[in-house]
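Here is a short tour of one protein chain, with its sequence and fold to keep at hand. Take a look at the display, then read on.

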Amino acid sequence: MSGDTGSTEQPKIFYTKVPQTEAHDTLLLEGKVKSVYQIADESDKVYIHFHDKVTAGNGRRVDFPEGKGKTCCLISALLFEMLEGRGLRTHYIDCPSLDTLLCKKLTIIPVEVIVRNIAAGSIVKNTTITEGINISPPIVEYFLKDDEKDDPLLTHDRVRLMGIDPEPMKEVAIEVNTHLQMLFTLMGIDLVDFKLEFGYDAHGDLFLADELSPDNMRLWKKGTKERFDKDLFRKDQGDIVEAYQYILQQLRQFA
Ligand code: 5GP
């Protein structure tokens, strides 16, 4: 398998910047597995640095798998580039180094938008729905982005009462789903579900944000429940870096 770290193969992304944040870049936000830096002299851009770190249970379980940050970063870059190429607005600008994205600075909307094509995870845990059933047409759900409250499920009306219009996010989420599903189908992978985050730029325009990687999507080998995603860590069922690198290798062929 050609991984991201040892391989001489180049991803279809452009390397245009020095792969380091500068000393005068300031840390804006320390997330669970990523850090966001304000770029000195460029107030509308940030660097997002991906760490070799994985968490589950809202940060209660942690591990530091080598190569994980780079793999998630490169997968995100490829998927954001693919979506940009299909006319979607994302925060992605460039991938200046293997573990860092250059992105538009956004005001992040505190709502996680989930698209489900196959039942798994919280929809199975919290309803009578059986794992593995097809959800057709796909559904879109909203969760509050708030670790202290354990990211509770929101209703469409609650999102509106929070002063956020869920419809534009829903439309983009369905479009993203269509493009990702087509791509993963070519790879022999079922896109079970995924999480998106959105933000507004200084003009109030909506952009897709955060990352797109097996950390925030469920990917099963077509027609099976063989996992290539963070559930391997959540359920202690295998090596996530090996699985994520398989996805990266496939994306390099098909994206
Ligand atoms: P569920 O609601 O079933 O737990 O998650 C649905 C999908 O969204 C899964 O692919 C899961 O990985 C992703 N997801 C939901 N919440 C989070 C989160 O807080 N962080 C990450 N990385 N992914 C999430």
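The report below covers a small set of strands, a charged patch and several salt bridges.

## About the model

Please keep in mind while reading that this is a predicted model.

## A three-stranded open sheet

Let us begin with the strands. An open sheet is built from three strands, arranged in the order β8-β13-β14 with antiparallel pairing. At its edges sit β8 (107-108) and β14 (206-208), each of which pairs on one side only. Strands of a sheet pair through backbone hydrogen bonds, either parallel or antiparallel.

Which residue of β13 stands opposite I108? It is G199. The contact between β8 and β13 (residues 198-200) is antiparallel and runs over two bridges.

## A negative patch

On the surface, D165, E167, E171 and E175 form a negative patch. One of these residues, E175, belongs to helix α4, which spans residues 166-186. Is E175 buried, partly exposed or exposed? With a relative accessibility of 37%, E175 counts as partly exposed, because the partly exposed class lies between 20% and 50%.

## Salt bridges at partly exposed sites

Side chains of opposite charge can pair when their charged atoms come close. In this model there are 19 salt bridges, and a few of them are worth a visit.

D44 pairs with K45, and the closest N and O atoms of this salt bridge are 3.8 Å apart. D44 has a relative accessibility of 47%, so it counts as partly exposed.

Another salt bridge joins the side chains of D157 and R160, at 3.0 Å from N to O. Both residues lie in helix α3 (residues 156-161), where they are three residues apart, about one turn of the helix. D157 is partly exposed at 43% relative accessibility, and R160 is partly exposed at 49%.

## A buried pair and its network

Now for a pair whose partners come from two strands. The side chains of D193 and R218 meet in a salt bridge of 2.7 Å, N to O. D193 is in strand β12 (residues 189-196) and R218 is in strand β15 (residues 217-221), so this salt bridge ties together parts that are 25 residues apart in sequence. Are the two partners buried or exposed? Both D193 and R218 are buried.

Which residues belong to the network around this pair? Through salt bridges that share partners, R116, E141, D193, R218, R227, D231 and R234 are joined into one network.

Technical notes: Residues are numbered from 1 along each chain as its sequence is written. This is a predicted model: local features need pLDDT of at least 70, side-chain atom pairs count only at pLDDT 80 or more; totals for chains, interfaces and linings use all residues. Side-chain values use heavy atoms; hydrogens and water are left out. Two strands pair if DSSP finds at least two bridges between them. Helices (H or I, at least four residues) and strands (E, at least two) are DSSP runs, numbered from the N terminus. Patches are made of residues with over 30% relative accessible area and no salt bridge: like charges are joined within 9 Å, nonpolar side chains (Val, Leu, Ile, Met, Phe, Trp, Tyr) within 5 Å. Accessible areas come from the Shrake-Rupley method with a 1.4 Å probe; for residues, only the protein chains shown count as cover. A salt bridge is a side-chain nitrogen of Lys or Arg within 4 Å of a carboxyl oxygen of Asp or Glu. Lys and Arg count as positive and Asp and Glu as negative; His and the chain ends are not counted. The place of a charge is taken as NZ of Lys, CZ of Arg, CG of Asp or CD of Glu. Buried means under 20% relative accessible area, exposed over 50%, partly exposed in between (1.4 Å probe, protein chains only).
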